[in-house]
Every structure is written in structure tokens, then in C-alpha cells.
Amino acid sequence: MNTPAASPGNVPSPSSASSPAGKVVLITGASSGIGEATARRLAASGHRVVLGARRTARIAAVAEDIRADGGSAAHHELDVTSLESTRSFARAARERYGRIDVLVNNAGVMPLSTVDALKVDEWNRMIDVNVRGVLHGIAAVLPLMRAQGAGHTGHTGHIVNISSVSGHRVDPTAAVYSATKFAVRAISEGLRQESRDLRVTVISPGLTRSELTGGISDSAVREAVQEQMGIAIPASAIGAAIDYAIGQPLDVDVNEIVVRPTAQG
């Protein structure tokens with residue numbers, strides 16, 4: 001997908017920063033769920049957030065809400081399966097704000113099914129969004145973070161990747177989904193070990209209220225998952241964990257956080 005250039009109406013100028021200490025945070029999949037909740041939480045904490053998603057009307061509305069509440073927010077169309085779209089998202093943010101401090105690689109899909117259902121198109125979609133999307137995000141921001149230099153802090157930036165408790169365990173119907181989330185953890189750990197000036201964090205949510213279950217095409221699986229959602233935690237709980245991780249001193253790298261409902265087995 002070709003992404004239009006950001007207009008001044010979409011992305012505020014650097015002078016609109018709500019706090020001199022606030023970081024510039026890019027969030028993928030920010031139109032709902034964890035991405036939206038994270039944008040709202042971080043903006044309330046004084047950070048400048050840039051929301052990316054395919055549903056531009058939705059992210060525009062969220063950004064407008066954040067600004068109405070006194071926060072600093074921008075939005076830009078984003079398809080994480082396209083490297084060029086992801087690069088355009090990152091460039092637009094840097095052009096307007098002057099730097100990129102944090103990327104939250106949140107965009108994901110979860111069309112659960114048993115392997116013998118052979119939903120190959122859904123497998124490929126999960127690989128494209130959950131794995132390639134994360135890699136595209138890293139590829140888009142890492143050169144910009146390196147180019148802006150470590151300066152006096154000795155640090156170039158922070159990448160937060162959203163995995164899942166399914167990246168720690170495998171359950172029936174989740175084989176391919178779990179594989180993509182295990183991959184997110186592997187990519188993150190490799191990047192962390194290769195870096196001495198970049199912080200890398202993995203957030204692994206458990207049952208969380210979001211739109212992910214709506215993407216399950218198998219009605220029996222969807223109903224089974226929805227029955228479990230009675231114990232799900234709000235997406236804001238994940239936003240709070242991300243806020244905690246990026247708010248630590250620069251010489252402290254919170255590598256991994258698992259956040260699940262107390263009642264989840």
C-alpha cells in the first residue's frame with residue numbers, strides 16, 4: 001500500500017510538544033485495543049505519540065481525543081506488511097518531531113484455528129503482520145535512531161515489541177499464532193544482544209479485551225475464545241506496562257514483561 005505524505009493537519013509541529021522531557025513514541029496498530037490504550041496512556045504521561053494504522057479515520061479520531069485532553073498526538077496511515085509504508089510512517093514522525101525515541105510494534109492479528117483446518121491464507125496473514133510487520137518496524141526506525149546519535153546519553157532509542165503469553169506456551173488452535181509470537185521474542189532477544197545503545201522490551205499480554213477475537217473465522221473456535229474473555233484484563237493494563245518500561249532511566253532496560261489476568265491459568 002502506498003502511503004500519502006503526512007500533512008500539517010495530520011502531524012503537529014515540534015513546538016506542540018506537551019513536555020520537553022516527553023519522548024516521541026510511534027505506535028503501530030493504534031486504531032483500537034492495546035495500541036489505542038497505549039497511545040492514550042503515554043500521551044497522558046507527557047509523551048508525544050504518533051498513531052499508525054490502516055483505519056485512518058479511527059486513528060484521526062483517537063488523536064483528536066488525545067489533543068482535546070491536552071496531550072500531543074499525530075496520526076499517519078500505516079500498513080505494517082509494507083516496508084515502504086512503514087518507512088513513510090517513521091519518516092513523517094521524524095520530519096515533524098525531529099527524532100524518534102520509541103517504537104511500539106503492536107500491530108497483530110490472531111485468526112486461531114487447528115492446523116488441520118489448513119487455513120493457509122490466515123497463516124500467511126499472521127506471518128505477514130505479526131512477524132514481517134515487526135521486522136519492518138525495526139528496519140524503518142533503527143537507521144533513524146542510529147543516525148540521530150547517542151549524544152550525551154549514550155542511548156539511541158527504545159523498541160517495544162508486543163508478543164503474547166502464546167509466545168511462551170502453545171495451545172490447541174494457536175500453533176501458527178504461537179509460532180509468530182515466539183518469533184517476536186526471538187527477534188527481540190537477538191536485537192537486544194546485538195545492541196549496547198538501544199533498549200529492547202518485549203511485552204507479553206495474556207487475555208486482554210481487544211478486537212483480536214473478531215478475526216477468528218472458525219465460529220466454534222471464536223465462541224470458545226470469547227467464553228474465556230470474561231476474565232480478560234483491559235487494554236489499558238498493557239499500556240501501563242509499556243509506560244513503566246519506557247519510563248525507566250536510560251541505563252535500565254526492562255527486557256520482558258508478562259501481563260495476564262490473575263484468574264488466567
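**Exercise 1. Find which strand E2 joins through 6 bridges, and in which sense the two run.**

*Solution.* Start at E2 and look for its bridges: 6 of them join E2 to strand E3 (residues 72-77), and the two run parallel. Two strands count as paired if DSSP finds at least two bridges between them. The strand and helix names are DSSP runs numbered from the N terminus, with helices (H or I) of at least four residues and strands (E) of at least two. For one concrete partner, take Arg48: its bridge partner in E3 is Ser72. Next, follow the chain between the strands: E2, helix H2 (residues 56-68) and E3 make a right-handed β-α-β unit. Right-handed here means that, with the strands pointing away from the viewer, the path from the first strand over the helix to the second runs clockwise.

A word on the model before going on: it is predicted, so local features need pLDDT of at least 70 and side-chain atom pairs count only at pLDDT 80 or more, while totals for chains, interfaces and linings use all residues. Residues are numbered from 1 along each chain as its sequence is written, and side-chain values use heavy atoms, with hydrogens and water left out.

**Exercise 2. Work out how many residues of E2 are buried, and which way they point.**

*Solution.* Begin with the cut-offs: buried means under 20% relative accessible area, exposed over 50%, and partly exposed in between (1.4 Å probe, protein chains only). By this rule 6 of the 6 residues of E2 (residues 48-53) are buried. Then sort them by direction: Arg48, Val50 and Gly52 point one way, while Val49, Leu51 and Ala53 point the other way.

**Exercise 3. Describe how E1 is placed between its partners E2 and E4.**

*Solution.* Take E2 to begin with: strand E1 (residues 24-28) pairs with E2 in the parallel sense over 5 bridges. Along this pairing, Thr28 stands opposite Gly52, and Leu26 stands opposite Val50. The chain gets from E1 to E2 through helix H1 (residues 33-44), and this β-α-β crossover is right-handed. Now turn to E4, which runs parallel to E1 and is joined to it by 3 bridges. Here Leu26 has Leu103 as its bridge partner. Finally, check burial: 5 of the 5 residues of E1 are buried, so E1 is largely enclosed by the rest of the structure. Val24, Leu26 and Thr28 point one way from E1, Val25 and Ile27 the other way.

**Exercise 4. Assemble the sheet and explain why one side of E3 and of E7 is left without a neighbour.**

*Solution.* Write down the order: the open sheet has 7 strands, E3-E2-E1-E4-E5-E6-E7, with parallel pairing. E3 and strand E7 (256-259) stand at the edges with a single partner strand each, so one side of each has no neighbour in the sheet. On average, neighbouring strands are turned by 15° against each other, direction ignored. At the E7 end, 4 bridges join E7 to strand E6 (residues 198-205), in parallel, and Pro205 has Val259 as its bridge partner. To finish, add helix H4 (residues 120-148), which lies across E1, strand E4 (102-105), strand E5 (157-162) and E6, at about 175° to E4. Such angles run from 0 to 180 degrees between N-to-C directions, with axes fitted to C-alpha atoms, for helices over the stretch in contact.

**Exercise 5. Decide whether Glu36 and Pro172 are buried or exposed.**

*Solution.* Glu36 lies in helix H1, and its relative accessible area of 12% makes it buried. Leaving aside neighbours within four places in sequence, Glu36 is in contact (heavy atoms within 4.5 Å) with Gly29, Ala30, Ser31, Arg58 and Val62. Pro172, in the loop between E5 and H5, is exposed, with a relative accessible area of 71%. The C-alpha atoms of Pro172 and Ser32, 140 residues apart along the chain, are separated by 26 Å.
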